[in-house]
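User: Could you take me through one helix of this protein in detail, from its end to whatever surrounds it? I'm in my first year, so please keep it friendly.

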Amino acid sequence: RTRIFSGVQPTGHLTLGNYLGAMRRWVEVDQHRAEALFCVVDLHALTVEHDPARLRRLSRQAATLLLAAGLDPELCTVFAQSRVDEHVRLSYLMECTASDGEMRRMIQYKEKAAREQARGGSVRLSLLTYPALMAADILAYGAQEVPVGEDQAQHVELTRDLAVRFNQRYGATFVVPKATHPAVAARVMDLQEPTSKMGKSHARTAGVVYLLDEPEVVRKKVMRAVTDGGSEVVYDREERPGVANLLDVLAACTDGDPERLAEGYSSYGALKKDTAEAVVEMLRPVRSRHAELAADPSAVDAVLRAGAERARAIARPRVDAAYQAMGLLA
Ligand code: AQP
């Protein structure tokens, strides 16, 4: 059976980008067709400035939202990264497989390092080595597929390189994984700045739709989305990124095709209105299920604990094998 691994970082409240780019497919497709593991990657959240109490809250909220969105612990494994030591154990071996130059080339590193510096903070060393931990996350489980948004493609590509290099040098140990992306909305853009991706840790929140935003807030954010010069509704991601983003979101929410949808609109206002309603309707059941689950945090915690145990059992033999293959007295 195909094995799948993916995760979300509790660096902020989960967004429409996380949902359309990743979570929705995990729920609707991946958990049904494969042996799937989904992780709140809380160690990754330590790569940027953080507050311990907030991190704990956001991690619990992210786990609750994964379940609220429809991940079923009977069908898949849901857990927190920090509860399975194998991630960190393998991460060190990945640091010893990767080169410094490879890490420095990562777009996310360059962007986030610049952001941390602009905020006047220092750049944590772990931000540079983040891809080694992410490679460990994936390779520990022998995952063949990694369903992610487009922004993660470069990290998965590096994971593939590390798996191949390790296997060639130390013997066949890892499955070489591949990234999969949704057909539409693989990169949801910020509504106020449609040339950058919608991100949960952005300081300016007006262009970011959070999964737990009230319907009125969602409507307001979508209605105020930046559109482009001109007034014709055409699908052109290069020249008309704002309108294209709305069409992508509407298409994703309604299982439509963005180019075909564009033909049905003669004004930006109508497009925004329909997009806002489609997003509100799509998120409605997630919000209400989240409210139910959040009322009983111990039940969510029990899911995470059982998930971590299952995950550990899958990861341990492969990570042990990697230690031996590298010549450690494992
Ligand atoms: N805008 C997006 N469009 C499509 N997919 C997206 N993903 C994230 N943003 C978009 C996908 O969601 C999954 C989890 O993402 P993450 O937690 O690794 O990253 P993030 O939400 O971008 O959060 P960060 O790192 O805290 O980011 P910034 O600093 O940008 O706000 C992944 O599969 C990701 O591809």
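Analyst: **A close look at α2**

Let's begin just past the end of the helix: right after α2 comes Gly 70, with a positive phi of about 125°. Keep in mind that this is a predicted model.

Now back up into the helix itself. α2 runs over residues 52–69. It has 18 residues, and the distance from its first C-alpha to its last is 25 Å, close to the 26 Å expected at 1.5 Å a residue.

Which residues of α2 are buried? They are Leu 58, Ser 59, Gln 61, Ala 62, Ala 63, Thr 64, Leu 65, Leu 66, Leu 67, Ala 68 and Ala 69. When you look at a helix like this, remember that residues three or four places apart point the same way, because an α-helix has 3.6 residues a turn. Try stepping along the helix from Leu 58 to Ala 62, two of the buried residues.

What covers those buried residues? The cover includes the strands β1 (3–8), β2 (35–40) and β3 (77–80), along with the helices α1, α11 (268–294) and α12 (297–325). Let's follow a few of these neighbours, starting with the domains they sit in.

The chain is split into domain 1, made of 3–181 + 296–325, and domain 2, which is 215–291. The centres of the two domains, taken over C-alpha atoms, are 30 Å apart. Where they touch, 6 residues of domain 1 contact 6 residues of domain 2. On the domain 1 side, α1 (16–33) and α2 each give at least two residues to that touching face. Our helix provides the largest share there, with 4 residues coming from α2. What kinds of residues make up this side? There are 5 nonpolar and 1 polar, with no charged residues.

Next, follow α1, one of the elements covering α2. There is a ligand here with 22 residues around it, and the closest are Gly 17, Gly 21, Val 148, Gly 149 and Gly 199. α1 supplies the largest share of that shell, 5 residues. By type, the shell divides into 7 nonpolar, 11 polar and 4 charged residues. There is also a label at this end of the chain: the UniProt annotation, from an unreviewed entry, marks residues 10–18 as a short sequence motif, the 'HIGH' region. That stretch is 33% helix and 0% strand, and its end C-alpha atoms lie 11 Å apart.

α1 and α11 also turn up around another helix, α9: what covers its buried residues includes α1, α10 (258–263) and α11. α9 spans residues 241–254, with 14 residues reaching 20 Å from first C-alpha to last, close to the expected 20 Å. Why is α9 described as largely enclosed by the rest of the structure? It is because 12 of its 14 residues are buried. Among them are Val 243, Leu 246, Leu 250 and Cys 253.

The end of α9 is worth setting beside the end of α2. Just as Gly 70 with its positive phi comes right after α2, Asp 255 follows α9 with a positive phi near 55°. Asp 255 is not a glycine, though. It is found in the loop between α9 and α10, and it counts as exposed because just 7 other C-beta atoms lie within 10 Å.

Finally, follow α12, another part of the cover over α2. Arg 318 lies in α12. Its C-alpha is 26 Å from that of Ala 63, with their positions 255 residues apart in sequence; Ala 63 is one of the buried residues of α2. Arg 318 has 17 C-beta neighbours inside 10 Å, so it counts as partly exposed. Setting aside neighbours within four places in sequence, Arg 318 is in contact with Ala 140, Gly 142 and Thr 173. Gln 324 lies in α12 too, and it is also partly exposed, because it has 13 C-beta neighbours inside 10 Å.

To tie it together: α2 has a buried set of residues covered by strands and helices that include α1 and α12, and it gives the largest share of the domain 1 side that touches domain 2.

Notes. Residues are numbered from 1 along each chain as its sequence is written. This is a predicted model: local features need pLDDT of at least 70, side-chain atom pairs count only at pLDDT 80 or more; totals for chains, interfaces and linings use all residues. UniProt positions are given in the numbering used here, feature names are shortened, and annotations may be inferred rather than shown by experiment. Domain bounds come from an automatic or database domain assignment. Two residues are in contact if their C-beta atoms, placed from the backbone, lie within 7 Å. Ala, Val, Leu, Ile, Met, Phe, Trp, Tyr, Cys and Pro count as nonpolar, Asp, Glu, Lys and Arg as charged, and the others, Gly among them, as polar. A residue is near a molecule or strand if its C-beta atom, placed from the backbone, lies within 6 Å of it. The expected span of a helix is 1.5 Å times one less than its number of residues. A residue is buried if 20 or more other C-beta atoms lie within 10 Å of its own, exposed if 12 or fewer, and partly exposed in between; C-beta atoms are placed from the backbone.
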